[in-house]
Amino acid sequence: IISCVIGVGISWSGWNCRSRISATAYTLVGVICKFISVVLNMALWDKHATLSGLGMLSICLISSTLYEQAPLRRQPHETPKTGGPVPQQLGSPSRIDMEEEEEEEKD
């Protein structure tokens, strides 16, 4: 019965945490918890991760803290800050096509 109560508590904590932070932050929390369990394993038992395994885990943690969300794409009608031409996406109407449509609507 005690293990069931602990399991429900862990599950509730996970869902509560997940609803309060972003998906990226939740993943980072999970990885940090795994890192803490590896450190505790090294402190308590003889059989534990190798030094190279711990190094790779550290690289993953550092990389995940440097992650940033990609910026949103500009809409086709927006001009870039440099003032140059707007790159066209496949299947999107060109500026000439849009101007022709506007002229037809006026007529």
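Buried means under 20% relative accessible area, exposed means over 50%, and partly exposed covers what lies in between. Keep those cut-offs handy, and remember that the model here is predicted.

**Exercise 1. Sort Cys4 and Cys60 into buried, partly exposed or exposed, then say how many disulfides the structure holds.**

Step 1: Start with Cys60. Its relative accessible area is 47%, so Cys60 is partly exposed.

Step 2: Now take Cys4. The figure there is 52%, which puts Cys4 in the exposed class.

Step 3: Recall what kind of link we're looking for. A disulfide is a covalent bond between the sulfur atoms of two cysteines.

Step 4: Count them. The structure has zero disulfides.

**Exercise 2. Work out which elements make up the fold and what percentage of the residues count as buried.**

Step 1: Tally the elements. You'll find four helices and zero strands.

Step 2: Walk along the sequence and write the pattern down: it reads α-α-α-α.

Step 3: Check the burial. The protein has 107 residues, and 5% of them count as buried.

Step 4: Look at the outside. The accessible surface is about 9800 Å², with 63% of that belonging to carbon and sulfur atoms.

**Exercise 3. Check whether the span of helix 1 agrees or disagrees with its number of residues, then see what helix 1 holds.**

Step 1: Helix 1 covers residues 2-20, which is 19 residues.

Step 2: The expected span is 1.5 Å times one less than the number of residues. For helix 1 that should give 27 Å, and the end C-alpha atoms are indeed 27 Å apart, so the two agree.

Step 3: Ask how covered helix 1 is. Hardly at all: one of its 19 residues is buried.

Step 4: Zoom in on Asn16, which sits in helix 1. Asn16 counts as partly exposed because its relative accessible area is 21%. Its side chain makes a polar contact of 2.9 Å with the side chain of Arg20.

**Exercise 4. Do the span check for helix 2, find its N-terminal cap, and place Val38 and Leu44.**

Step 1: Helix 2 runs over residues 23-44. Its 22 residues should span 32 Å, and the end C-alpha atoms lie 32 Å apart, so this one agrees too.

Step 2: Find the cap. At the N-terminal end of helix 2, Ser22 does the job, with a side-chain oxygen 3.2 Å from the backbone nitrogen of Ala25.

Step 3: Val38 belongs to helix 2. Its relative accessible area is 22%, so Val38 is partly exposed. Between the C-alpha atoms of Val38 and Ala49 there are 7.4 Å, although eleven residues separate the pair along the chain.

Step 4: Leu44 is in helix 2 as well. Leu44 counts as exposed because its relative accessibility is 59%. Together with Ile32, Ile36, Leu40 and Trp45, Leu44 forms a nonpolar patch on the surface, and the accessible area of the group is about 530 Å².

**Exercise 5. Place Ser52, decide whether it is buried or exposed, and find a side-chain partner.**

Step 1: Ser52 is part of helix 3, which spans residues 51-66.

Step 2: With a relative accessible area of 52%, Ser52 passes the 50% cut-off and therefore counts as exposed.

Step 3: The partner is Thr50: a polar contact of 3.2 Å joins the two side chains.

Notes. Residues numbered from 1 in each chain as written. Predicted model: local features only at pLDDT ≥ 70, side-chain atom pairs only at ≥ 80, totals over all residues. Heavy atoms only, no water. Patch = residues over 30% accessible without salt bridge, like charges linked within 9 Å, V, L, I, M, F, W, Y side chains within 5 Å. Areas by Shrake-Rupley, 256 points an atom, 1.4 Å probe, with all protein chains shown as cover. Salt bridge = Lys/Arg side-chain N within 4 Å of Asp/Glu carboxyl O. Helix = DSSP H or I, 4+ residues; strand = E, 2+ residues; numbered from the N terminus. Buried < 20%, exposed > 50% of the residue type's maximum accessible area, 1.4 Å probe, protein only. Disulfide = S-S within 2.5 Å. Polar contact = N/O pair within 3.5 Å; in protein donor to acceptor, adjacent residues only side chain to side chain.
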